[in-house]
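Please open the structure in your viewer and keep the selection tool at hand. The tour below goes from stop to stop, saying what to select and what is found there.

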Amino acid sequence: MGHSSVEAEETKETDIRSFSSSRHNQTPYIHKVGVPPKQDIFKEFKTTVKETFFADDPLRCFKDQPRSRKFVLGLQAIFPILEWGRSYNFAKFRGDLISGLTIASLCIPQDIGYSNLANLAPQYGLYSSFVPPLVYAFMGSSRDIAIGPVAVVSLLLGTLLRNEIDPTTNPHEYLRLAFTATFFAGITQATLGILRLGFLIDFLSHAAVVGFMGGAAITIALQQLKGFLGIKKFTKKADIISVMKSVWHSANHGWNWQTILIGATFLTFLLFAKYIGKKNKRLFWVPAIAPLVSVILSTFFVYITHAEKKGVAIVRHIEKGINPPSVKEIYFTGDYLLKGLRTGIVAGMIALTEAVAIGRTFASMKDYQLDGNKEMVALGAMNIVGSMTSCYVATGSFSRSAVNYMAGCQTAVSNIVMSAVVFLTLEFITPLFKYTPNAILAAIIISAVLGLIDYEAAILIWKIDKFDFVACMGAFFGVVFASVEIGLLIAVTISFAKILLQVTRPRTATLGRIPRTNVYRNSQQYPEATKVPGVLIVRVDSAIYFSNSNYIKERILRWLMDEEEQLKAAGLPKIQFLIVEMSPVTDIDTSGIHALEELLRSLKKRGVQLVLSNPGRVVIDKLHASNFPSQIGEDKIFLTVADAVLTCSLKLPEEV
C-alpha cells in the first residue's frame, strides 16, 4: 500500500513538471468555439415544437406518397389491424386462439371479483372484458396487452365514487356516475394521445408507481377479508387500521368457519398453482386456469352441500345477456358532471400509466416498437365506447398480459378470442355462477394482487436512489394508512418535489487533470486527478435557468473560497483563473446570463479571471445575443478545458 501511494505521488509530481515545462515550450493551437448562424425565429419555434410533440416524426411515412396511398396509410395509423392483418395466417391464429382461451379462463373469475372492488354488480366486470378488448384489437399497437378491468383501477374507482354517492342506498345514481367517470377517463386518455402529451404520465416516477401498486395490493387484499372471513358488517374505510379494527371486533360473532374453510383451501390451491408456474415456465397454463377451476369446484361444492344456508355468502345472481346501451345514463349536465370528470381524469391517468408500462415491457421483450400516443388514443376510444355500453374503466392487466405472452400470443386477435369467450359466458353460462361463494372471489383477488407487491424493486430502488425510495415508501404508506387518493397525492407530490430539487439544486464539481493525459474529470470520482496550479476548474451539470442560476453562482463562489482557503493554509499562490466547463449546460435563460454577469463582477473584485469552456450551440448563441463575450473577452471562451488550461497557464507568473 505504501509503495503504491509513493508511486502515485511521483506520477503526480512528474505530471505537474511535464505540464509546467510544456506550457513554456509550446505555442498552442487553440480551436475557437463556433457561433451558429442566426436562425429564423419561426423556424426555431417550429423545430422546438416538432422536437417536443413530434420527436418520432409520425408523418414521415406519408412523404412523397400519392393521395390514395396517404388515405390507406391514414386508416392504418388509426386502425393498425389493417396493416398487420394482411400478413395474418393460420399459424398466428393458432397461437392467438390458445392464448385467448387461456386469458379468458383467467379473466372471467377475476372480472366478477374486480367489479365488487368497484362496488358494481358482477356482470359489469364481464361487460368490461367484452367490448373494450374488441375496440383495442382494432386500434391498439401492442401485440401482448390483455385488456379488461384491473384491481388497482377498480379499487380507485370504487373509492372515489363512494365518496360522492353511497352505492347501497343509491345504486342507480352510483352506476351512472361510474359510466360518467369511465367516459371522461376515455376522453382524458384520447386527448393526451391526440395532442401528443403522453410525456405527462412520465412525471409519475417508477418508484412512486412501485410504492402505489404495493400499497394498493395490500389495501385490496385487506378489503377481501370481508368475503374471505364471511363478515357481514364491515367498515367502508380502506385504511389498514380501520379494516383491522373491523375484523377484530367481528371475531367473536361475525366470522363464518365454513366460509374461511372454502377461502383458505382455494387460496392455498391458487398460490400452489402460481408456485408451479414460476418453477416451470412450460406450466404457465396451470396458474392461468387455476382461478376458473377454483370457481367451478367451489360452486359445485356449495350447490351440493347447500352451504349458503349455513351462512356462506354467494354471488346469487349475474344478469344474463350482453352489454345494454348506457349512453343515456352518462351525466352530461348537473352536479355529478364535475364529480365524474374529476374521478375520470384520475382513474384514466392511472389506467394509462399501467397500460403503457405493460405495453413497453412486452414490446422490449419481443423487440418491436410501441407508439405511446397511438396506445393512448386506442385506450381512450375503448373506454369512451365502453362507457356507452355499460362498461367501467378497462386497461391493460399485467397478470393477464403475462399469461398472454407466455401462452404464445402473436397479435391482438387474442383479445378478440377472449372477448368471444366472455360473450358466450354472458349469453349462456352466467346462471351457473349463482352458487359461486364470495370467499372464492376473495381468494382469487388476493392471489392476483400479491404479485403487485414488488419488494425486489423496492430493495433495488433503495440501493440506487434514496430519494426515490422515499417516494416509493411515501406512496406505499399513504395508501395503506390513509387512502388510495392520499397515497396517489403523496406519490405525485414527492415525484414533483424530486424534479424541483434536481432543477433548483443541480450538481457541480471541480475538475482535475488525469495523469499523462489532457483529460479533465471530476476530482471526487478520480482522486488521482491533479489540480492545475493557479487555476480552478468547475463543471456545471445542468441547464442554467431562473430557478437555479443564483444557486449555481453562489456554489461556484463557494468552490473558489474553499480552494483559496486550502491554498492559503498550504502557503501556495492564489487562484488567478476560474474555468467554467459548460459542456453539460444545455440551455441558459436571461436569469442565467445575469448570474454569469454577477459572477464576473465578483471574480474581478477578487482578482480572478473568468474563462468559459465549450458552451453549446444554444448557449453560445444566447451569450452573444446578450453581448456577454465582449464583457468577458472573446479570448476567454475555449473549445476544450485543455485549451483553456494551456492558454491560462502561459499567462501565469513563473512562481505559480
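## Starting at a helix cap

Begin by selecting Asp589 together with Ser591 in this predicted model: Asp589 caps the N-terminal end of helix α24, with a side-chain oxygen lying 3.2 Å from the backbone nitrogen of Ser591.

From there, extend the selection over residues 590-606, which form α24 itself, a helix of 17 residues that reaches 25 Å from its first C-alpha to its last, close to the 24 Å expected at 1.5 Å a residue. Just after α24 comes Gly607, which takes a positive phi of about 75°.

## The buried side of α24

Which residues of α24 are buried? Select Gly592, Ile593, Ala595, Leu596, Glu597, Leu599, Leu600 and Leu603 to see them. To find what these buried residues pack against, add the helices α23 (549-570), α25 (617-625) and α26 (628-632), and then the strands β6 (577-581) and β7 (609-613).

## From α24 across to α23

Next, pick Lys553, which lies in helix α23. Leaving aside residues up to four places away in sequence, Lys553 touches Ala595, Glu598 and Leu599. With Glu598, the contact includes a salt bridge between the two side chains, at 2.9 Å from N to O. This pair links distant parts of the chain, since Lys553 sits in α23 and Glu598 in α24, 45 residues apart.

Is each partner buried or partly exposed? Lys553 counts as buried because its relative accessibility is 14%, under the 20% limit, whereas Glu598, at 24%, counts as partly exposed.

## Two salt bridges of helix α15

The structure holds 14 salt bridges, and the next selection is the one in which the side chains of Lys366 and Asp144 meet, at 2.8 Å from N to O. Lys366 lies in helix α15 (residues 335-366), while Asp144 lies in the loop between α7 (131-139) and β1 (147-148), so the pair ties together parts that are 222 residues apart in sequence. Colouring by accessibility would show Asp144 as buried, with a relative accessible area of 0%, and Lys366 as partly exposed, with 27%.

Staying on α15, select Lys339 and Glu164, which form a salt bridge whose closest N and O atoms are 3.7 Å apart. Here Lys339 belongs to α15 and Glu164 to the loop between α8 (151-162) and α9 (171-194), so this pair ties together parts that are 175 residues apart in sequence. Both ends are partly exposed, Lys339 with a relative accessible area of 24% and Glu164 with 27%.

## A nonpolar patch on the surface

For the last stop, display the surface and select Phe71, Val72, Leu75, Ile78, Phe79, Leu82 and Phe138, which make a nonpolar patch of about 590 Å². Which helix gives the most to this patch? That helix is α3 (residues 67-78), which contributes four residues. Val72 lies in α3, and this residue is partly exposed, with a relative accessible area of 33%.

Key:
Residues are numbered from 1 along each chain as its sequence is written. This is a predicted model: local features need pLDDT of at least 70, side-chain atom pairs count only at pLDDT 80 or more; totals for chains, interfaces and linings use all residues. Side-chain values use heavy atoms; hydrogens and water are left out. The expected span of a helix is 1.5 Å times one less than its number of residues. Buried means under 20% relative accessible area, exposed over 50%, partly exposed in between (1.4 Å probe, protein chains only). Contact means heavy atoms within 4.5 Å. A polar contact is a pair of N or O atoms within 3.5 Å; within protein, one must be able to donate a hydrogen and the other to accept it, and residues adjacent in sequence count only if both atoms are side-chain atoms. Patches are made of residues with over 30% relative accessible area and no salt bridge: like charges are joined within 9 Å, nonpolar side chains (Val, Leu, Ile, Met, Phe, Trp, Tyr) within 5 Å. Accessible areas come from the Shrake-Rupley method with a 1.4 Å probe; for residues, only the protein chains shown count as cover. A salt bridge is a side-chain nitrogen of Lys or Arg within 4 Å of a carboxyl oxygen of Asp or Glu.
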